[in-house]
Structure formats: structure tokens, C-alpha cells
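Q: I would like to learn how an interface between two chains is read. Could we go through one case step by step?

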Amino acid sequence: MAANYEYEEASGHYDDQAAALRQQEVGYDPNFVPDSVKSFVVHLYRHIREKNVYEIHQMYETSFQTLSERLFKDTPWPSVDAVAHYVDNDHVFCLLYREMWFRHLYARLSPTLKQRIDSWDNYCSLFQVVLHGVVNMQLPNQWLWDMVDEFVYQFQSFCQYRAKMKNKTEQEIALLRQFDQAWNVYGVLNFLQALVEKSAIIQILEQEKQGLEQFTATDGYDYSGGSNVLKVLGYFSMIGLLRVHCLLGDYHTGLKCLQPIDISQQGVYTSVIGSHIATIYHYGFASLMLRRYVDGIREFNKILLYIYKTKQYHQKSPQYEQILKKNEQMYALLAICLSFCPQMKLVDEAVNAQLREKYGEKMGKLQRYDDEGYGDKLSRRQRYADEAFGIYDELFSYACPKFITPSAPSFDEPLVNYNQDAYRLQLKLFLSEVRQQELLVGARTFLKVYSTISLGKLANYLDVDESTLRMTLMTYKHKTHAVDSDGKIISNADVDFYIDDDMIRVVNSKPVKRYGDFFLRQIVKLEGVINDVDRIKVESAN
Amino acid sequence: MGREIEPQKSQQQVSYTVEQLVAVNPYNPDILPDLENYVNEQVASQTYSLDANLCLLRLYQFEPERLSTQIVARILVKALMAMPAPDFSLCLFLIPERVQMEQPFKTLIVLSHYLETGGFRLFWDEAAKSRHIVDAVPGFEQAIQAYAVHVLSLTYQKVPRSVLAEAINIEGLSLDKFLEQRVADRGWVIEKGQGGGQVIALPKTEFNHPELKKNSGDAVPLDHVTRIFPILS
């Protein structure tokens, strides 16, 4: 198996002792509160009480980052106990502060096991408060997304940490046994599910389609004096569930959880770049594993084009690196989808150019078949197939989610690291699909150049007997006719054929020019120009 | 001792409740026994529910000690019967590697591979060797035959009799009877082939008759047209 790129996080991240040591070393005093921090919490608290979403967003997105960069580069923020009295010991504010505190810790430092458990407790308290409907705040969507995103991330991180049993100390094992509810998979899934249900977000989205509700139109914000927190957390939790199910390998259910969100349109999920990317990345990956390649290509194409056009505006944002990383991963996934389903017409020119630049050479190798007919072609073909196999392994390993094993280890058995098990299984199954599709490369090569060819002749070119060829052609048909979400059969073949007794007749589908859409776009554009011209006339009359 | 067979009605009531459970409360270890019973029910009544079975496989993933090899094997056989849908793969994604390396899963994976790659002859041979696995689920043979016919219909306008026979594992007089039925209710036509043998003309679909493919390339959805209504008025 090829080396798994960046699959292992920096080894220091999961070592509990090293983490604790590092925090001590830097001379962190949890009770010291610099003036700028005091000012920060006082103002943030006031803005939240006054429901000033704009100011909250500024402080959350900018001030917090600036202070972290300046004062807390490699230490945690002051402890919540130290700042509580500046904010009337407000219970909810303290929960929010702690959530940010832990998020900062995970990002800049390594959490100890105790800290991981405390963070879980904090999320429990925070979500309980929200679920009981006693929260009366309006928070920016960015913050609410970050909460859900971080919640799932810390769960993933915990599973990875827990699965590395080999070097665990007695202390750690005792803690793990004692706090077996922390980051328990049932707990995580049930919280997300509860947020979805309690917020009634699915019904809200349904009713919105009939014009009976306002949600997307207000970006989820509540302009009638209420709170957006439960509704928007419920909304983002659907994406959270998609993500968790992908981490577990249950792609079908993941997509089901996302179903209430219409990704062919803008929505609250596009209001935050992080949520937009997370949604499409997981949707696309799940589609790939479900062999719905056209769905994957279509969505990857849309978002890669969007990132291409807008990434310059996010250069200063703390999410920039993540955006770039996911961008690269999605290009890799797109390359895989297109290799299984060569439909270049689905890809925008700008995206195609980027794809060629990043993976042009590799993609060429994935479809390489020796049809030269001289020398030892059989071993050459095998070499090309093996090379392609290696490239699929590399691309998948680079771009896949960090799969997890959700079950707790048996503490009685010898301690081993099993954190790679989940990834290895998904990779293995993906590669067995690759092996099956490998058989089609040869057939595809020849079908592209013939309009009619007898089975006997084609079998000869491929160096197989007729019976094997029949199998290959049936495989081609089966693999290029996917079953969509409604159970219908859809052809995604670029080159298609049918067999008439012993003759193969090839059908080339010509790309269709979309005149209808073109005219519609031009009509709207012209109307806009005419309106502009009209305005000019009016002004000059003064 | 007279124990009455449960009437059809209450069986339906149980499955209604299980589907509800899966929809409303899926992340709950207590429903595991219900889901296992539901698998057995699917087998007995020749019904199928992917969602419920995935839910069970997930619970097994969360609590590996409770995994029942027999139940998982049944789920996989049912999934095979759902082909061409990729349900078998979807189930495998949730079953630990070390379990997949044991029997009967090794055999089931081989069977799936044959079906995925059009290797029907190999499939029927292997299935014959593993009767205990496949006979446990009623309707298995018919489901695979339906899948075979599906793939043949995608691929052939006219398929030689021998190819059909191999794919559905029916020969001689039984095949004659099978063909008679299909001619009567599905519009199949038996003709004479190039080599002198029989050739079966399968019903025309957009997949084996490209001229029938609806050219939806230029269709414009209604809600796109509504965008220009304000302009047109």
C-alpha cells in the first residue's frame, strides 16, 4: 500500500504526557487575565446581550484571532473561572467562552485526556441548554457552524487518540475506563440528532418551499425577536451527521441525513464557506463510494469553480489553510471520479485547466492501455494496470476523510494501535472496485475508435477469448449504469454500445448544445443592460 | 403443542414499528434485537429494507461483541439480491476486516465479485458449492436471475441462447418453458441467429437502443423560464 499522505497527524498530537508537559513548560498561568482579554469578554458579553450580531461576528472572527495570535500563540486563554466575574458569572456565556477556549487549545496545542473529557462535558452542557430552548441569543452563523464542526472534529480526534493503545499509561487507561461516556459514539450521534429534531428544521425547510416559513431568506436569522441558535444548530447538525456517517463508512445514511438541504441551490449552508465546503466534500465523497460518479463530478465542479473565483477574498481568514487543503483534496477526488466516468463535458474550463495542471499526468496513466500490439504487450499492460492501481491508492489516501473506529477498545487485551483499521478497510474496498473497473480500460480504448466490430475481432485485440470478452462488456454496461437515489438506472457512459448476436455496434453520444439556458441568460443580461441605460437617461435630464 | 403461527397482520405491525424506530431513534443499542428479528422477517417474507439493515450493521460496529455472524450473512445475501444496486458494498463498508476474512463472508465476497464482473458461469458454479449459504434465503435464485436478465438487457439487442442459458443457469426444457413465458408476458422474440442457433431479441429500451434515448439535453426546467416572466411582461 502506498504511503498514506498526511494520514497520521503529527505524532506529538496524541501523546498525553507530551501534551501535559508542553503546557506546563510554557509557564501558563490560568488565572492571569490581561486587560485586553478583560475588555474582550466584557464587550462580547454586552454585544450578545444586546443581540448585536454584526459586532459579535467582528469580535469572534477578528478580535479573538488577533488576541490569540498576539498573546496566546502557544498557551491557552485564561481559564473561564478567571474571567467569569467580569461577565456576571453568566452561565451560558461561560459555556460559550469555554467552547472557544477548548477550540483554541486543540488548534494551537495538544489536549490532554482530561482536557478532552472536560471539553466533552462542556459540549454536553452547552447543547443541553440550547435543547431546552432557554437560549435567547442571536449568534453569527460562522460561530454556530464552528461549534458543530469542532464538535465532530473533536470526536474524530478522540477516536484516533483512543485507538492508539500501545503507549497509553496506566493513568490514561484508568481515566478512559472511568469516563467511558465521554465522546461515546451514541452520545455524539444522539446530540446531533436531537438538535435536528428539537429545532424542527426539517419541517421548517419543507414549509419554506411552500412559502409558509422564512429561513433561508433571512440566512437563518430571526427578525421577530427570537433566537436563531437552535434552528441554525439544527440545520448545521444535518451536515454534522453527514460527516460522522462518512467517518463511519455509512455513505447511504450520510446522504439521507443531508437530504432536506437542497444543494442545487444557495442556502444557509453556503452562508459560511467552511460549511459549504464540508457539505460538498462529504456529499461528493459519499457519491464516489456509492458509484454515483456523475453526482460527484457535478458538485465538485461547482464548488471548485467557486473556490477558484473567490479564494482571494479569504486569504486573511483563519480558515484559509483549511480551504486550500480541501480544495486540493477535491481535485484528487474529481480526478478519480473522471477516471471511472470520463465525462469531461461536465467540467468547467477553469476547473479543467487546474485539474490538468495538478493531475494531468496521473490521469493519463489511469486510462493507459497498451494497444500497440508489439513486443510483450501482456506484461506491459499488467505494468500499466499496476501503475494505475498505485495512483488510485495514492489519490484516495490523500483525499479521504479520517475514518474512525467508533467502538471502545477492550482494555483487557494486549494494547495495540488500531487507529488505521477503519482507513485500511475503506481503502481496501475502494481498491477492489478499482480492480473490477481495471478490466474496462482496454475495452474502452477500442470502443472509442470503432463503430462496428465483431466480438471475435475485439477479443483478438484484447488477447482474451470471446467468453471473457462478453463478461468484460457486461461489466462495462453494469458499471456505467448507476442506480440513483430513487432506484432508477442512469447511464453515465461516454462511449456506449449494444451487441447484436456477435456484432458490437458502438454509439457515440454527441455533446448537446444547451441553447435554452443560453438564451435565458442573455435575456436576463440584456434586460439588466437596458435598465442601466434607462437610468443614465434620467440622470442627464437634470 | 399447538403454538399458533402468528397471523400476517401482527407481522406487518412489527415491521412498521421497526421502520419507525430506524427513522426516529436509530442510534440506540436497545433496538438491536428488534433489528435482528427484522432481518429474519425479511428473509421469511421475501421483503427487504436497506435502511434497517445498515442501522443494524452500524450498531454492530459500535458494539462488536454483539455481532451475529448468521445475521450479517443473511443481510449480505439480501444485499446481493438487490443488485444492480450497490447495497452489498455499502454493507461491506461497515463490517470489520477481520470478520470479512472468515467464512461465510469470504465466499459471499467472491460471489459478489463474479456478479459485478458479469461472471455468471463462475457465480452459479460457486453458488452450487455453497448451497447452505444461499438456500437459507428464499427467492435468492430468482433475484439473481432477474439481475442477470437486467445486465443482458443493457448489453444485448439480440442475445444468443447459450449466453442467456449460462447467465440465468437454466437449460434444456426448463429454458424453453422460461422463454415461452417471457415471450408471452415480456415481449421477447425468438429468432434464428448467425451461427444457426437460437437468438433472443430482448425488449427495446434506451440502453440497448440508443435511438430511443430521450434527448433531454436541451430541456429547460420550468423554474428557469419563470425567471424571465417579469421581463416578458
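**Reading the interface of chain A and chain B**

A: We begin with polar pairing, keeping in mind that this is a predicted model: across the interface of chain A and chain B, 21 residue pairs are found in polar contact, both residues having pLDDT 80 or more.

Q: Which helix of chain A gives the most to the side that touches chain B?

A: That is helix 21 of chain A, residues 466-479, which contributes 8 residues. By class, the residues on this side of chain A divide into 27 nonpolar, 14 polar and 16 charged.

Q: How many salt bridges does the rule find across the interface?

A: The rule finds 5 salt bridges between chain A and chain B; one of the residues forming a salt bridge is R58(B), whose partner is D250(A), with the closest N and O atoms 2.6 Å apart.

Q: What is often used to give the size of an interface?

A: The accessible area lost when the parts come together is often used for this purpose. Here, the area buried between chain A and chain B is about 5300 Å², and carbon and sulfur atoms give 62% of that area. On the side of chain A, Y186(A), M474(A) and H478(A) supply 13% of the area buried against chain B, more than any other three residues. Counted by contact, 57 residues of chain A meet 62 residues of chain B.

Q: In which sense, parallel or antiparallel, do strand 4 of chain A and strand 1 of chain B pair?

A: Strand 4 of chain A (residues 495-500) and strand 1 of chain B (residues 156-160) pair in the parallel sense over 2 bridges, and I499(A) has Y156(B) as its bridge partner in strand 1 of chain B.

Conventions. Residues numbered from 1 in each chain as written. Chains lettered and ligands numbered in written order. Predicted model: local features only at pLDDT ≥ 70, side-chain atom pairs only at ≥ 80, totals over all residues. Heavy atoms only, no water. Contact = heavy atoms within 4.5 Å. Buried area = accessible area lost by both parts, 1.4 Å probe. Salt bridge = Lys/Arg side-chain N within 4 Å of Asp/Glu carboxyl O. Polar contact = N/O pair within 3.5 Å; in protein donor to acceptor, adjacent residues only side chain to side chain. Helix = DSSP H or I, 4+ residues; strand = E, 2+ residues; numbered from the N terminus. Nonpolar A, V, L, I, M, F, W, Y, C, P; charged D, E, K, R; others polar. Pairing = 2+ DSSP bridges.
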